[in-house]
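Please open the model in a viewer and follow the selections below in the order given.

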Amino acid sequence: MPKRPQDATPSPVSGLPEHARAPLPDELTPLLGNRTPRQFMRRYWQKKPLLIRQAIPKIAAPLARDELFALADQDDVESRLITHFRNAWDMEHGPFAPDELPSVRKREWTLLVQGANLHDDRAHALMNRFRFIPDARLDDLMISYATDGGGVGPHFDSYDVFLLQVHGKRRWRIGAQRDLSLKPGLPLKVLQHFEPEEEWVLEPGDMLYLPPHIAHDGIAEGECITASIGFRAPSSHELTAQFLYHLAERAGETPDGVRGNARYRDPAQEPVSEPAALPALLVERVGAILANIDWSEKDIATFLGSYLSEPKANVVFDSPERALNEQKFVERAKKTGVRLDRKTILLYDARSYFVNGESEALSPKLKKWLPELANSRCLEAKRFVTLTDDSSMTALLHEWYRAGWILMGALP
Ligand code: SIN
Ligand code: CO
């Protein structure tokens with residue numbers, strides 16, 4: 001039986017400031033239309049769309065228009081400009097200097113800035129409100145700016161998305177159509193036949209949840225800004241290819257790596273008169289090598305933790321310019337606490353932890369504090385002080401500080 005809201009067990013993330021924390025599994029929340037995350041996940045997640053009026057009342061755009069334009073000008077930020085001038089779709093990839101963008105007085109264009117959570121604390125805090133869904137599934141927070149009539153055209157996405165209106169109004173039309181064929185020859189995915197079934201105008205604070213493959217079209221009514229919280233949904237093909245790559249790398253690392261990585265040999269090869277023919281023996285031998293591939297559940301978890309905590313290709317960590325030595329780092333952190341950098345991904349399971357693509361064993365000592373840091377993304381000063389007896393903890397956090405993976409101070 002589902003727990004009632006007041007029975008909710010306290011979670012390690014409950015100490016976070018309201019604007020940065022996700023609702024607990026059994027907490028009724030306006031974010032989900034006065035439902036609990038458990039109710040939302042059971043009834044809507046991956047199943048059907050949900051419109052939520054005033055999910056975040058009195059919301060302010062995490063970034064103002066000009067701040068968004070400034071982000072789109074950075075080399076390490078992924079941005080796209082989509083125009084629909086004279087009824088023709090066009091798309092360009094950033095970075096864009098502000099004077100390369102069309103005038104804000106011109107109708108029907110939109111700027112999409114991917115991964116805003118990696119570059120801005122307010123965007124990061126907004127995304128953290130959705131951490132009732134595992135970090136391993138959360139992808140990023142995209143922010144789009146559109147002038148009147150602007151949008152990206154009717155399309156569908158292959159992943160779940162929360163479309164949160166943060167400034168101005170946008171008219172959304174959606175439909176659960178089967179025909180997902182796309183207009184050929186366009187630089188972006190636009191549906192050939194869009195058959196909307198429902199329509200709403202979203203105002204600031206309103207939010208629309210869409211599961212994968214629901215056709216949708218959002219058109220700005222006046223200037224507007226929308227934040228999309230997107231999810232990772234790797235395809236079976238991607239997972240298989242990456243897992244096999246992981247296994248191959250592991251074979252090279254094991255103590256019997258030399259044997260595991262032994263070269264193909266064919267001492268019994270006969271001379272041939274048809275040199276172009278693929279030797280049957282080669283197929284047989286390679287078949288025997290491939291039949292030797294085996295893996296355990298631990299390998300799958302290690303692969304997933306490493307793969308899903310891998311920073312995106314454009315992520316660069318900024319190490320402190322003049323890093324404190326370990327003693328000074330500890331003294332300072334005792335006063336300020338520490339927090340994970342916005343770009344750091346820290347995951348764990350019962351055996352291991354995974355940080356920014358690396359995996360290590362989760363020793364009993366680490367179990368005392370690492371899951372807490374991973375879930376709340378910070379260790380407050382008081383908590384840090386209680387942990388400093390453990391020199392392995394301070395040494396590890398000092399290493400992460402020097403790599404730019406953690407920062408001094410509480411969550412902003
Ligand atoms: C947008 O924010 O303009 C588009 C988001 C989407 O349709 O997925
Ligand atoms: Co979409």
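Begin by selecting residues 122-248, the span that the unreviewed UniProt entry annotates as "domain: JmjC". The model shown is a predicted one. Across residues 122-248, 16% of the chain is helix and 39% is strand. The C-alpha atoms at the two ends of this span lie 40 Å apart.

Next, select ligand 1 together with the residues around it. The surrounding shell consists of Thr110, Ser144, Gly151, Val152, Asp157, Val161, His216, Gly218, Thr226 and Ser228. By class, seven of the shell residues are polar, two are nonpolar and one is charged. Which element gives the most residues to the shell around ligand 1? Colour strand 9, residues 215-231: this strand contributes four residues, the most of any element.

Now move to strands 11, 12 and 13. These form an open sheet of three strands in the order 11-12-13, paired antiparallel. Strand 11 (346-348) and strand 13 (358-361) are the edge strands; each has a single partner strand, so one side of each remains without a neighbour in the sheet. On average, and with direction ignored, neighbouring strands of this sheet are turned by 20° against each other.

In general, strands of a sheet pair through backbone hydrogen bonds, in either a parallel or an antiparallel manner. For a detailed view, display the backbone of strand 11 and of strand 12 (residues 352-355), which pair in the antiparallel sense over three bridges. Finally, select tyrosine 348: opposite this residue stands tyrosine 353 in strand 12.

Methods: Residues are numbered from 1 along each chain as its sequence is written. Chains are lettered from A and ligands numbered from 1 in the order in which they are written. This is a predicted model: local features need pLDDT of at least 70, side-chain atom pairs count only at pLDDT 80 or more; totals for chains, interfaces and linings use all residues. A residue is near a molecule or strand if its C-beta atom, placed from the backbone, lies within 6 Å of it. Ala, Val, Leu, Ile, Met, Phe, Trp, Tyr, Cys and Pro count as nonpolar, Asp, Glu, Lys and Arg as charged, and the others, Gly among them, as polar. Two strands pair if DSSP finds at least two bridges between them. Axes are lines fitted to C-alpha atoms, for helices over the stretch in contact, and angles run from 0 to 180 degrees between N-to-C directions. UniProt positions are given in the numbering used here, feature names are shortened, and annotations may be inferred rather than shown by experiment.
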